[in-house]
Amino acid sequence: MTNEITAKSILRRNRRHIDDWFCGSYGLAPYYGCQHACVYCDGRYEKYGFEGEFGKDVNVKKNTIELLKKEIKLVKEPGYVFIGSGITDAYQPIEKKYRLTRRSIETIADHPLLSLHILTKSAFVEDDLELIAQIAKSKRKKAIISFSIAFDNDENRKKFEPGTAEISQRWRIITKAQKMGINTGVYLIPAIPFISDSEEEIRKTYEKCVKHKVDFVLSGGMTLKIGRQKQFYLEFIKKLFPKLYEPTVKLYSNADHYGSPVWQYSKNLYTLFNKLSREYKLKVRIPQHLLKDILPNYYESALMLSHMGEYLRQQGINRKAYAYAGHSIQKWAYEAKKGRTRRKDFNYGVIEKAFLEEVQNGEIMKLPSIGDKIQKMLMEFVETGNIKYYNKLSSYTN
Ligand code: SF4
């Protein structure tokens, strides 16, 4: 059932923190709920407050464009608008009728500071490639299309993600988008226990990522939060894969708040991701060339540090110092901008300048987790725009 609703706001500003997976400074979701009906979707989790039958019912924020046109005028800091978070897919079938995603992208395309990152499992994005390519061609803007690809083939995909596009379609659109100047990524999430988490299956997807030259590949396991989500998934497994029922129950037997599987399984899965990502030399986070000139210098450097932490973690080296340093810079930016971003005269260049000065005069070292070593890297970033150690880690040459 389609339910038209009036939203109070539409463009979410990530004021405190830009997450290092999707790198969106802003978020947008014209729909709430998802007709793709993936059996593992955490949209069923009670705390997200979705009312109705998840997978069939969708709330349509009918005033999306009106709100966006108003709210976008307040944007004075460059960054990605990430379309694809939470419990919805912006290109689910209902988009064919309402075209709220397309019209949102048209509005984003007109804004000089906004780039675009879309994550989808639908082939319907193909209809908007021309429009998305316009953003990619604009000065100091980028456009990324990421596909979530959890399977190598359609046999299980049809059962687990009934409303989504065929896997081969997603690869085809990746190639087509690249030819049009659009950057691309893959989120191999979730690797489904006993179904698509084998070395063989993950390897096949990684090989395709290399073959199709995607810019980055992020990988993750499946979570099952206690309640509706877990119950729905277990009932599905019991019905279609009865032999996997008991092992799945056991795997998710810890009452973990995030719905994570037992620790040993996660450890083994991430060891496998790490091993294969290194073998295929995959960029496991959105690379710097997609951040430079798109984000202000303070966010670019903060994300680079967080991403370095991830590359170190891959090698079994403690990543915390880098991740914390990245957080510290994000926190610094939040404080520096506090109460100013909505002012008519707000200029993010002033914050960039303040950041450069803090790095140059060493004041930045007063922030938690920024010691000599990281300050030197930040100096290098300020002087050259790069950090050699980041380049080494992300190109697997260290
Ligand atoms: S496409 Fe995403 S939001 Fe939609 S049902 Fe699947 S996992 Fe959930």
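Is Phe 194 buried, exposed or partly exposed? Keep that in mind and we'll get there by the sixth stop. One thing before you start clicking: this is a predicted model.

**Stop 1: the whole protein**

Show the whole chain as a cartoon. You should be able to pick out 15 helices and ten strands. Turn the model around: along its principal axes, the C-alpha trace spans about 65 × 50 × 40 Å. The radius of gyration is 21 Å, which agrees with the value near 21 Å that a compact globule of 398 residues would have. Of those 398 residues, 44% are buried. Now think about how the chain meets itself. Take the contacts between residues at least 6 apart in sequence: 75% of them join residues at least 24 apart.

**Stop 2: two domains**

Color residues 2–288 one way and 296–391 another. These are domain 1 and domain 2 in the domain assignment. Their C-alpha centres are 27 Å apart. Where they meet, 16 residues of domain 1 are in contact with 16 residues of domain 2. On the domain 1 side of that meeting place you'll find seven charged residues, along with five nonpolar and four polar ones.

**Stop 3: the core**

Next, go inside. Which residues have the most contacts within the largest nonpolar core? Select Val 81, Leu 116, Ile 132, Val 186, Leu 188 and Val 217, and you have them; the core as a whole counts 105 residues. Then highlight residues 297–314, which form helix α11: this helix gives the most to the core, with eight residues. Keep your domain colors on here, because both domain 1 and domain 2 give residues to this core, so it lies between them.

Stay with Val 217 for a moment and show what is around it. Leaving out residues up to four places away in sequence, Val 217 touches Gly 185, Val 186 and Leu 188, then Tyr 206 and Cys 209, and finally Leu 282, Lys 283 and Val 284. Two of the names from the core list, Val 186 and Leu 188, turn up again among these partners.

**Stop 4: around the ligand**

Now select the ligand and show what surrounds it. Starting from the low numbers, you meet Cys 34, His 36, Ala 37, Cys 38, Cys 41 and Gly 43; further along the chain come Ile 87, Thr 88, Asp 89, Lys 121 and Glu 161. Sorted by class, this shell has five nonpolar, three polar and three charged residues.

Two of these shell residues have a partner worth clicking. Tyr 48 touches Gly 43 and Ile 87, not counting residues up to four places away in sequence. You'll find Tyr 48 in the loop between β4 (31–32) and β5 (58–61). Tyr 48 and Ile 87 are 39 residues apart along the chain, yet their C-alpha atoms are separated by 8.4 Å. Tyr 48 counts as partly exposed because it has 15 C-beta neighbours inside 10 Å.

**Stop 5: a cis bond**

Zoom in on strand β9, residues 183–191, where Pro 190 lies. Look at the peptide bond between Ile 189 and Pro 190: it is cis, with omega at about -5 degrees. For background, most peptide bonds are trans.

**Stop 6: positive phi, and the opening question**

Carry on to Phe 194, in the loop between β9 and α7 (199–211). Its phi is near 70 degrees, a positive value in a residue other than glycine. As for the opening question, Phe 194 is partly exposed, because 13 other C-beta atoms lie within 10 Å.

Which residue sits 53 residues along the chain from Phe 194, with 8.8 Å between the two C-alpha atoms? Select Pro 247. This proline belongs to helix α9, residues 242–251, and with 13 C-beta neighbours inside 10 Å, Pro 247 is partly exposed too.

Another positive phi is waiting at Arg 99, at about 55 degrees, although Arg 99 is not a glycine. Look in the loop between α2 (95–98) and α3 (100–109). Arg 99 has 16 C-beta neighbours inside 10 Å, so it counts as partly exposed.

**Last stop: across the model**

Finish with Asp 256, in the loop between α9 and α10 (263–279). Asp 256 is partly exposed, with 16 other C-beta atoms within 10 Å. Draw a line from its C-alpha atom to that of Ile 387, 131 residues away along the chain, and your viewer should read 38 Å.

Key: Residues are numbered from 1 along each chain as its sequence is written. This is a predicted model: local features need pLDDT of at least 70, side-chain atom pairs count only at pLDDT 80 or more; totals for chains, interfaces and linings use all residues. A residue is near a molecule or strand if its C-beta atom, placed from the backbone, lies within 6 Å of it. Ala, Val, Leu, Ile, Met, Phe, Trp, Tyr, Cys and Pro count as nonpolar, Asp, Glu, Lys and Arg as charged, and the others, Gly among them, as polar. A nonpolar core is a set of buried Ala, Val, Leu, Ile, Met, Phe, Trp, Tyr and Cys residues joined through C-beta atoms within 7 Å. A residue is buried if 20 or more other C-beta atoms lie within 10 Å of its own, exposed if 12 or fewer, and partly exposed in between; C-beta atoms are placed from the backbone. Helices (H or I, at least four residues) and strands (E, at least two) are DSSP runs, numbered from the N terminus. Domain bounds come from an automatic or database domain assignment. Two residues are in contact if their C-beta atoms, placed from the backbone, lie within 7 Å. The radius of gyration is taken over C-alpha atoms; the globule rule is 2.2 Å times the number of residues to the power 0.38.
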